[in-house]
Amino acid sequence: MKLFCKKNIAYTVIFSLAALVFVLLCFPKSGETFEFLNRFFILVFGSVSAFIPFSVMTLLICLIPLFLAFVVWRFIVNKRRYSLKRFFLRGGAVLCVIFVLFGLILGLGYRRESIYAKMDLPDFEVADGDVVVAADFLIDTLNDAALKVEFSDESRALVLPDGYDEQKIASLVYEAFDKQNFDFLYGFDFRYKKTFSGLLEVLGFDGVVFPLTAEINIDGNVSGGNICVLLAHELLHVNGVLNEGEANFLSQYICIFSGDPVLSYCGAYSAVMSALDYLYITDYKLYYDTLQNISDPYLRMRFDYYVRLNANTQPSFFTKVANFFYDIYLKLNFMSGAEVYSENVFGWARFASNI
Ligand SMILES: [Zn+2]
């Protein structure tokens, strides 16, 4: 009789759903077959959270310590009423709900086919020489765009031309998305939220799609031109592109081909940085020769400085801990681990071989 009480039915539904999502995610191409599920959940959660004017993720993060304190308090105060079994059953149910949302909002996106195939880019084993061809194309784009924008000498941030505030940049990114109109993207243009300054940065992120709300969150410290590629990257995640390397490639691509000089500069800057970071580590001579193609000597010096800095910077303790878990998460999702971000250079190599 107890088996059919309301609570047990709720537990049965939650655990069965989690098991079903787990099975779904075991199939490498399930993201294509069940694309409608992924699209539906992102639509529902993304629309609701975009309607809320503040970052729901920030609120939830702030509430976690309070929630944990509440659980501990309940467990200690009511220890006679709550058996250990009941406690773990509840905890397990909460974890299963989180897993189901993770799986349906993000997980299925990892099980989709490569965007390179969908963009009809040639498929081949990329060699260092192919990355050089890509870097040359990107540097040409950067050289052209650099003539049209100003940049600051003390940081990676752009000094934006008149009229290019953050709002303008963001609306240009949304426009660039509409303009490209790739049929493999879902067509969502949810607005982004800012978190407290440094909330994400401390973990080594600039932005994130929060898996429980499909909400785009960008660190409060990110400003000006740095928002271009980042916002495009996060927008791609809510549009079904979860592979980090592919999202990096396509966000740079969308900015470069936006038709706006500032966005184009930002996209090319980010893509050239990835290509040079890659060459610096794989073949120093190729790196050095490619770097010389940047026509502005000051810009060339800046790239050289940041590439060396990127290669030699040790992440902070918090970033290392976050990276450790993130690396495991990516590997569980069939990604090659945290290095998947830099695989965008393979996308550029495939693109450049086609032009
Ligand atoms: Zn990402």
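Domain bounds here come from an automatic or database domain assignment. Keep in mind that you're looking at a predicted model.

**Stop 1: the two domains**

Color residues 2-110 as domain 1 and residues 115-352 as domain 2, following the domain assignment of the protein. If you drop a centroid into each, using C-alpha atoms, the two centres sit 31 Å apart.

Now select the contact between them: domain 1 puts in 22 residues and domain 2 puts in 24. Which elements of domain 1 give two or more residues to the side that touches domain 2? Pick out α3 (35-51), α4 (56-77) and α5 (84-110) and you have them. Color that side of domain 1 by residue class and you'll get 14 nonpolar, 7 polar and 1 charged.

**Stop 2: a three-stranded sheet**

Next, switch to cartoon and look for the open sheet of 3 strands, ordered β3-β5-β4, with mixed pairing. The edges are β3 (193-194) and β4 (207-210), each of which pairs on one side only.

Take the β3 side to begin with. Select 193-194 together with β5 (residues 215-218): these strands run parallel and are joined by 2 bridges. Click on K194 and look across to β5, where I218 stands opposite.

Then go over to the β4 side. β4 and β5 run antiparallel, with 4 bridges between them. Click on G207 and you'll find that its bridge partner in β5 is I218. So I218 is worth labelling: K194 stands opposite I218, and G207 has I218 as its bridge partner.

Before you leave, follow the chain through the hairpin of β4 and β5, which has 4 residues between the strands. Stop at A214, where phi is positive, near 50 degrees.

**Stop 3: a pair of crossing helices**

Two packed helices are described by the angle between their axes and the distance between the axes. Select α11 (residues 261-282) and α13 (residues 297-312): they pack at an angle of about 60 degrees, and their axes are 10 Å apart. That angle therefore makes α11 and α13 oblique to each other. The crossing of the two is right-handed.

Turn on side chains for the contact. From α11, show V272, M273, L276, D277, Y280 and I281. From α13, show F303, Y306, V307, N310 and A311. How many residues of each class are in the contact of α11 with α13? By class there are 9 nonpolar, 1 polar and 1 charged.

Definitions and conventions
Residues numbered from 1 in each chain as written. Predicted model: local features only at pLDDT ≥ 70, side-chain atom pairs only at ≥ 80, totals over all residues. Contact = placed C-beta atoms within 7 Å. Nonpolar A, V, L, I, M, F, W, Y, C, P; charged D, E, K, R; others polar. Pairing = 2+ DSSP bridges. Axes fitted to C-alpha atoms, helices over the stretch in contact; angles between N-to-C directions. Parallel < 35°, antiparallel > 145°, perpendicular 65-115°, else oblique. Left-handed = near helix turned anticlockwise from the far one by under 90°.
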